[in-house]
Amino acid sequence: MAGVLGVLAAVSACGGSGQHAAGSPSSVAATGAPSSGAVSPASPASPPAVSGRLSASELPAGAVEQWQPLAAPHVQAVSSAIQVNECASVQGAAAWQQQAYVSTYRTPAEQDLFTFHDNAAAQHAYQALLTQMDGCQTQSRALQTKSLGAAAADAQVATTAQNGQGTAWSRRWTGVEGISAGGPQTDHLYAVQQGSTLAVVHFDEWASSPAAPYSTRADGDLLTSVARKLG
């Protein structure tokens, strides 16, 4: 357990973790209790958890990163917006299921399943996420300029795949510590909406990691795999 807690302390931020990390399994394990945030304890009125997660080996770069779960999936009712990175948040969800991972290189990944009261609400949240990510490069560079200086504003955000199932993005930048880890990295984000569920998958590649760089050519297949799991 001491070794796991050391990993949790080291993997304190994911490019897609955001404010919701305050109530995540990693912070609970590291601190002993979740801090206050945008979530409230699950209630009997909450929608049931969705069993639509990819297995650890099915996550992006699974064969290289060798992802391992940090804890059992964590389910919570939601009372307000959940931040997924510095640029975007998910609003209007009724329940949220989270699974955090760590790689053999001590880099983070996460799967989030947001359940809404109806299909229209889930579609609205997905479209809002698309709109927010359209401005992510500008917002990331503004954050870099404020925290690191204008010369460090190197963020490049690209859509790496988009199909009838969802959308994938990558962000290459010198990260600003807080929601993300600090230092050179590439953050990958995937969003898939099916029915009343919005799935968000994300993982980070840190320049300091010895792992071979991930090829985004597989991102379209990843979106299809997530949609298939949601059924």
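# A tour from Gln139 to the largest pocket

Begin by selecting Gln139 and Glu86 together, and show their heavy atoms: the side chain of Gln139 reaches the backbone oxygen of Glu86 at 2.8 Å. Bear in mind from the outset that this is a predicted model, so every distance and angle on this tour is a value computed from predicted coordinates.

**Stop 1: around Gln139.** Colour helix α5, which covers residues 136–148, and you will find Gln139 within this helix. Now add Cys87 to the selection; although Gln139 and Cys87 are 52 residues apart along the chain, their C-alpha atoms are separated by 6.6 Å. If neighbours within four places in sequence are left aside, Gln139 is in contact with Glu86 and Cys87. With a surface switched on, Gln139 should be read as partly exposed, because its relative accessible area is 39%, which falls between the limits of 20% for buried and 50% for exposed.

**Stop 2: Ser89.** Move along the chain to strand β5, residues 89–90, where Ser89 lies. Is Ser89 buried or exposed? Its relative accessibility is 7%, and Ser89 therefore counts as buried. To see what surrounds this residue, select Ala81, Ile82, Gln83, Val84, Leu129 and Gln132, which Ser89 touches when residues up to four places away in sequence are not counted.

**Stop 3: the aromatic pairs.** Next, display the rings of Phe, Tyr and Trp; a search of the whole structure finds 3 aromatic pairs. Select Trp67 and Phe203, whose pair is edge-to-face, with 5.9 Å from centre to centre and 75° between the planes. This pair links distant parts of the chain, since Trp67 sits in the loop between α3 (62–65) and β2 (68–69) while Phe203 belongs to strand β11 (residues 197–206), 136 residues apart. Trp67 counts as buried at 3% relative accessibility, and Phe203 likewise counts as buried at 1%.

Turn then to Trp96 and Phe114, where the ring centres are 6.4 Å apart and the planes meet at 10°, so the pair is stacked. Trp96 lies in strand β6 (residues 95–102) and Phe114 in strand β7 (residues 108–115), so this pair ties together parts that are 18 residues apart in sequence. Trp96 is buried at 1% relative accessibility, and Phe114 is buried with a relative accessible area of 0%. Before leaving the rings, add Tyr214 to Trp67 and Phe203, for ring pairs link these three residues into a cluster.

**Stop 4: a charge over a ring.** Select Arg171 and Trp173, and orient the view along the normal of the Trp173 ring: the charged end of Arg171 sits over that ring, 3.9 Å from its centre.

**Stop 5: the largest pocket.** The largest pocket has a volume of about 310 Å³. Among the 18 residues that line it, select Arg172, Gln185, Thr186, Glu205 and Ala207, which are the closest to its centre. The elements that give two or more residues to this lining are β9 (166–175), β10 (183–194) and β11. Which of the elements gives the largest share of the lining? That is β10, with 4 residues.

**Stepping back.** Return to a cartoon of the whole protein, whose secondary structure comes to 6 helices and 11 strands. Colouring by accessibility will show that buried residues make up 50% of its 231 residues. Finally, of the contacts with a separation of 6 or more, 65% are accounted for by residues 24 or more positions apart.

How values were computed: Residues are numbered from 1 along each chain as its sequence is written. This is a predicted model: local features need pLDDT of at least 70, side-chain atom pairs count only at pLDDT 80 or more; totals for chains, interfaces and linings use all residues. Side-chain values use heavy atoms; hydrogens and water are left out. Buried means under 20% relative accessible area, exposed over 50%, partly exposed in between (1.4 Å probe, protein chains only). Contact means heavy atoms within 4.5 Å. A polar contact is a pair of N or O atoms within 3.5 Å; within protein, one must be able to donate a hydrogen and the other to accept it, and residues adjacent in sequence count only if both atoms are side-chain atoms. Rings of Phe, Tyr and Trp (its six-membered ring) pair if their centres lie within 6.5 Å; planes under 30 degrees apart count as stacked, over 60 as edge-to-face and the rest as tilted. A charge sits over a ring if NZ of Lys or CZ of Arg is within 6 Å of the ring centre and within 35 degrees of the ring normal. On a 1 Å grid over the protein atoms alone, a cavity is a set of points where a 1.4 Å probe fits but cannot get out, and a pocket is an open set with protein on both sides within 12 Å along at least five of seven lines; lining residues have an atom within 4 Å of a point. Grid points are joined across faces, edges and corners, and a volume is the space filled by probe spheres set on the points.
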